[in-house]
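Please open the model in a viewer and follow the selections below in order.

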Amino acid sequence: MENYLNTAVDIAREAGALLAQLFKRPKEISYKSRSDLVTDADRRSEALIVERLRSHFPKHGIVAEEGGGGQTESDYCWYVDPLDGTTNFAHGFPVFCVTLALAYRGEVVAGVVYDSIHEELFTAERGAGAYLNNQRIRVSKAATLAECLVATGFPPFADNHDLNIEYYYRFTQLCHGVRRAGSAALDLCSVAAGRFDGFWELKLNPWDKAAGTLLVTEAGGRVSNLDGGPFELLADPVFVSNGLVHDAMLAVFADVLKNRVKR
Ligand code: 2AM
Ligand code: CA
């Protein structure tokens, strides 16, 4: 497993260096749909990552956001987001990353998230802890909502997810604040590193959350869906916390939902 992780780290560093270089130049933006933009950097980063993964692990499956991967018969599958935070990248806001995760029979066993602008490398292997630049990280110790900083995310144009505005509003009243930085993989790492005490997002793809959720659990945090049921990589939504405030946050989601249904 260490070999898989080391290779993933090398690839993430190489792709991250490419993104940092392209970030300084004028961006070429195109649209997958009205609300889904993509840049030349997404495609170039993905081409690099897929090429490297194929040469190291020719039998492994690859699921990559821009469609460059391919499924195989292997028990091993890589989930790749060549640029998480594309909207930030396109606008010149320096919050984005590369993320790769390896799943064995559907369970994520290793993950890497690399923020090349701030030179922060987050890594985790199942059962072996979570690390930031090779230093062990742990979730925060906040035990009440009143002392929490939490985070969420919205799809561009917040298509069909207006309920999240209500969660956002409610948590703004209950804790230090709600951040919405625009890269789900980095938000998850911020929970793992104890910067945020909780994070949820209603609609994400598996490549956005595969590595980051492993980071959180390996840092001692808890992951579930929004009603406390089991988290599933291939389903929505995702909710992570330091564990200590998990139940209190679940109660807020339930309360918002209940009051909304009544209206
Ligand atoms: P991306 O930058 O790789 O597209 C924003 O909070 C998060 O949502 C980002 O991680 C972003 O990933 C993701 N995202 C962007 N557009 C999305 C969409 N249409 N559906 C689901 N997730 C999306
Ligand atoms: Ca992406």
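Select Tyr79 in this predicted model and display its surroundings. Beyond its neighbours within four places in sequence, Tyr79 is in contact with Val63, Thr99, Leu100, Ala101, Ala103, Pro206, Trp207, Ala210, Leu233 and Leu234.

Next, add Val113, Phe122, Ile137, Phe199, Leu215 and Val240 to the selection. Together with Tyr79, these residues touch the most other members of the largest nonpolar core, which has 37 residues. Colour the elements that each supply at least two residues of this core: strands E4 (76-84), E5 (97-104), E6 (107-115), E7 (120-125), E8 (130-132) and E14 (238-241), with helices H5 (184-192) and H6 (206-218). Helix H5 gives the largest share, 7 residues. At least three residues of the core come from each of domain 1 (2-137) and domain 2 (145-262).

A separate core of 32 residues can be shown in another colour; among its members are Ala41, Ile49, Leu100 and Leu102.

Now colour the chain by its domain assignment, domain 1 (2-137) and domain 2 (145-262). Their centres, taken over C-alpha atoms, are 21 Å apart. To the contact between them, domain 1 contributes 39 residues and domain 2 contributes 25 residues. About 2400 Å² is buried between the two domains, with 66% of it on carbon and sulfur atoms.

Which side chains should be selected for a salt bridge? Those of Arg195 and Glu120 form one, at 2.8 Å from N to O. Between domain 1 and domain 2, 9 residue pairs are in polar contact (both at pLDDT 80 or more). Finally, select the side of domain 1 that touches domain 2: strand E3 (61-64), E4, E5, E6, E7 and E8 each give two or more residues to that side, and E6 provides the largest share, 7 residues.

Terms used: Residues are numbered from 1 along each chain as its sequence is written. Chains are lettered from A and ligands numbered from 1 in the order in which they are written. This is a predicted model: local features need pLDDT of at least 70, side-chain atom pairs count only at pLDDT 80 or more; totals for chains, interfaces and linings use all residues. Side-chain values use heavy atoms; hydrogens and water are left out. A nonpolar core is a set of buried Ala, Val, Leu, Ile, Met, Phe, Trp, Tyr and Cys residues joined through side-chain atoms within 4.5 Å. Buried means under 20% relative accessible area, exposed over 50%, partly exposed in between (1.4 Å probe, protein chains only). Helices (H or I, at least four residues) and strands (E, at least two) are DSSP runs, numbered from the N terminus. Domain bounds come from an automatic or database domain assignment. Contact means heavy atoms within 4.5 Å. Buried area is the accessible area (1.4 Å probe) that two parts lose on being put together, summed over both. A salt bridge is a side-chain nitrogen of Lys or Arg within 4 Å of a carboxyl oxygen of Asp or Glu. A polar contact is a pair of N or O atoms within 3.5 Å; within protein, one must be able to donate a hydrogen and the other to accept it, and residues adjacent in sequence count only if both atoms are side-chain atoms.
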